[in-house]
Number of protein chains: 2
Amino acid sequence: MGEKMKPKTLPGFMELLPNEQILFNKMKETIQKTYETYGFLPIDTPIIEDAQVLLAKAGGETEKQIYRFEKGENDLALRFDLTVPLAKYVTEYYDKLSFPFKRYQIGKVYRGEKPQRGRFREFYQCDVDIIGDGELSIINDAEIPSIIYNTFKELGFSDFTICINNRKILNGLFKSLELANESVQILRIIDKIDKIGKDEVRKELSSTIEDNKLETIMKFISIDGNNDKKIQLLEELNIKDEVFNQGLSEIKQVTKFIKIFGVPEENFKIDLTIARGLDYYTGTVYETFLNQYRKLGSICSGGRYDNLTEYYTDRKMPGVGISIGLSRLFFQLVDNKIISAEKESISDVLVISMCDDYDMCAEVASKLRESQINVQINIENQKVGKKFKYANNLNVKYVIIIGEDEIKNNVVTLKNMITGEQETIKIEEAIAKIKGNVEYEK
Amino acid sequence: MGEKMKPKTLPGFMELLPNEQILFNKMKETIQKTYETYGFLPIDTPIIEDAQVLLAKAGGETEKQIYRFEKGENDLALRFDLTVPLAKYVTEYYDKLSFPFKRYQIGKVYRGEKPQRGRFREFYQCDVDIIGDGELSIINDAEIPSIIYNTFKELGFSDFTICINNRKILNGLFKSLELANESVQILRIIDKIDKIGKDEVRKELSSTIEDNKLETIMKFISIDGNNDKKIQLLEELNIKDEVFNQGLSEIKQVTKFIKIFGVPEENFKIDLTIARGLDYYTGTVYETFLNQYRKLGSICSGGRYDNLTEYYTDRKMPGVGISIGLSRLFFQLVDNKIISAEKESISDVLVISMCDDYDMCAEVASKLRESQINVQINIENQKVGKKFKYANNLNVKYVIIIGEDEIKNNVVTLKNMITGEQETIKIEEAIAKIKGNVEYEK
């Protein structure tokens, strides 16, 4: 062979070591299982789509980030989210689906962003959406926080807050103040409240908004207390606007049903400053924060939209859904030492040989596998020290050692790699010990 | 809105309906779990790679099929298999991996083939490989058929045959006959034996091969009997060639250990006509056939290779592995009615309301989910008939009906959708019935 090509993974593409991958996959599977508990159906759309179909709606920033290319005569693009493919799917297979159509999709999406720490060009999204045919009950908006709650609980978190708001409240407020056209700009300023504080927000808003209107806005964003109190204060604003009052009625319903769906009071709250993008969502919106790590930003977001498929069909298809950006979340959790992959393993046991006779190793491995134990076997011509180092690197809990004595007496030596204890016992006994322990830890 | 864009999935891209997707995912998860039983570690390389890295080795057909494009100044390509990314991964993270490195990867790969029925441009491969650092014991070659066996057994098959051969036997045979340069051409003719028969093969070979050599080849491809008999006949050929005899010694070892690893005699056989591509594999090769559906071709193939990473490093990294082309396999199994997705479902239960009070629906759904039951809830303003049609489409086994009477008496009506029976009982009793049944069917 001549010159070697230096292999290199592209910048901005997450690639994990095996132990990290094990942890990542566990999280992905936990999310999937929880989504399935709620009866969401899986779909798996292609990563490559017709660029015209994929970009029917996109524009601006999204279009610049897209991976778009030609192959033969086809104008192709890689999906940049899972929502546009869902719109395509629902329209294309409308006749074969039952509505409300509840689907989840977990898969990679692509955005050619400027690479920066913790931002990826290829990343997993884990989405659930409920799509109605014509209409969709507001109670669905309350089931979503229940899904968020159970997902993060199953992922091992407890100290997190699901924040909900309703865009109609914001839109109605601005409409009633005749500030509808300035709403984008106002929301952008309000959005900074966490960073710059209330006084600074007031100062920025005062440059363009009259005093009496500014007072209402400040009163609005100062609304505080528990959820019931916030609803009461919203009612006391006494705003005579149909959209506002529809939003208020919806958030009351959603809050009521979130409780019935079993989400504890401490894990959700109404947060009237959340807007979530400026034109896509039309009703309920969600953001989720780890209370100890608020700086990570929202780890699960979404909302209600009036019409998923408007670029493809005249049929009206309202929906509500959320997305977890798993690649970024995983990176942040590891980076902030909130989770660690150090001790992850696939194998429960490593079987190693102390002599040149490997028959019993193979037999023992097969027996363990028949008992649903994950087993690796090291049958290489390596020194014993190297085999134990291998066991340590794999993070196995047990090593089964088979040498000449074990073969002669038809027993195995079982070493517990955590306690260091070892004993020479019958294979069935070893299986019982391993299974007892393995199950105990689950 | 103006003109609507007709949404269309690209030809050659598999996109399944939800019930098909459920079955597909079950198969994918079964494969994953079985691979994990053998201690293989997961990796997940990017779909997009640097084109130079990905194509270091490729040429000819592969290069033509590749999805290759530029983004900014980068020359990019989509992976066309999982082996080249593995070679990249092993070279890039060599210092952080333990060898033998056993990894599995299940993911989509891309080939811009001419679209034809059952051939996809985006398809899943499910790969396992064992990579050694410098050397790799031949016993690994025997563990692979054990993985194939358990994978297809877990997938619900029993009547299949894993065929093994060793390229060294073929190479040594041709070398000893001084036909090494013609071997590609000869193998191509032998490969047709299933289609055209032995006599036709002899006729085609006779045009270029001398009689005495032809006799040895015909004797070789006529070798028949059980595995032990075949090995005996191979020995009786009495070929004095080092490569041939190394291959013979390897296939004897592999055959012995396949049995020890618990693969029944009826599920594997030596098949001396299998060659599997012409330059990649260097030792053991595998193909797997469903005996009743031989026409599907090999459903799981692979082999031993001397050097995985030769384009990237001077280090020698031999390996052995297999791949299941899951998208194609799934299509073939459904197409031939070997499997059916008709009755697949995610939800065990659908909760529906017979009145306008949805509180109890939400409560009941939450209680069922706490008991690990997958539940969907239909809280739409739909007629009862439509809700039952919905239940039928979802293939749920149970419907829980909640009307005014149920609310008043704090009970539920549980309808078994298979038997049609229904009874009005306490929620705890309903949970017990559903769980009893759900577990029974697993």
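I'll go through chain A, then how the two chains are related, then one helix pair in chain B.

This is a predicted model. Chain A has 442 residues, and 59% of them are buried. The secondary structure of chain A comes to 17 helices and 16 strands. Along the principal axes, the C-alpha atoms of chain A fill a box of roughly 90 × 55 × 45 Å. As for contacts in chain A with a separation of 6 or more, 67% are between residues 24 or more positions apart.

Next, the two chains. A turn of 180 degrees, with a shift of 0.0 Å along the axis, lays chain A on chain B with an RMSD of 0.1 Å. That is the relation of a two-fold axis. Both copies use the same surface, since 100% of the contact residues of chain A recur in chain B. Which residue of chain A comes closest to the rotation axis? It is A:F69, whose C-alpha is at 3.1 Å.

Last, the helix pair. In chain B, take helix α6, residues 167-176, and helix α10, residues 211-221. Their axes come within 11 Å and cross at roughly 160 degrees. Angles over 145 degrees count as roughly antiparallel, and α6(B) and α10(B) are therefore roughly antiparallel to each other. The crossing of α6(B) past α10(B) is right-handed. On the α6(B) side, the contact is made by B:I169, B:L170, B:L173 and B:F174. On the α10(B) side, B:T216, B:I217 and B:F220 make the contact. Sorted by type, the residues of this contact between α6(B) and α10(B) are 6 nonpolar and 1 polar, with no charged.

Notes: Residues are numbered from 1 along each chain as its sequence is written. Chains are lettered from A and ligands numbered from 1 in the order in which they are written. This is a predicted model: local features need pLDDT of at least 70, side-chain atom pairs count only at pLDDT 80 or more; totals for chains, interfaces and linings use all residues. Side-chain values use heavy atoms; hydrogens and water are left out. Axes are lines fitted to C-alpha atoms, for helices over the stretch in contact, and angles run from 0 to 180 degrees between N-to-C directions. Helices (H or I, at least four residues) and strands (E, at least two) are DSSP runs, numbered from the N terminus. Angles under 35 degrees count as roughly parallel, over 145 as roughly antiparallel, 65 to 115 as roughly perpendicular and the rest as oblique. A crossing is left-handed if the near helix is turned anticlockwise from the far one by less than a right angle, and right-handed if clockwise. Contact means heavy atoms within 4.5 Å. Ala, Val, Leu, Ile, Met, Phe, Trp, Tyr, Cys and Pro count as nonpolar, Asp, Glu, Lys and Arg as charged, and the others, Gly among them, as polar. Copies are superposed by least squares on the C-alpha atoms of residues with pLDDT of at least 70 in both. Buried means under 20% relative accessible area, exposed over 50%, partly exposed in between (1.4 Å probe, protein chains only).
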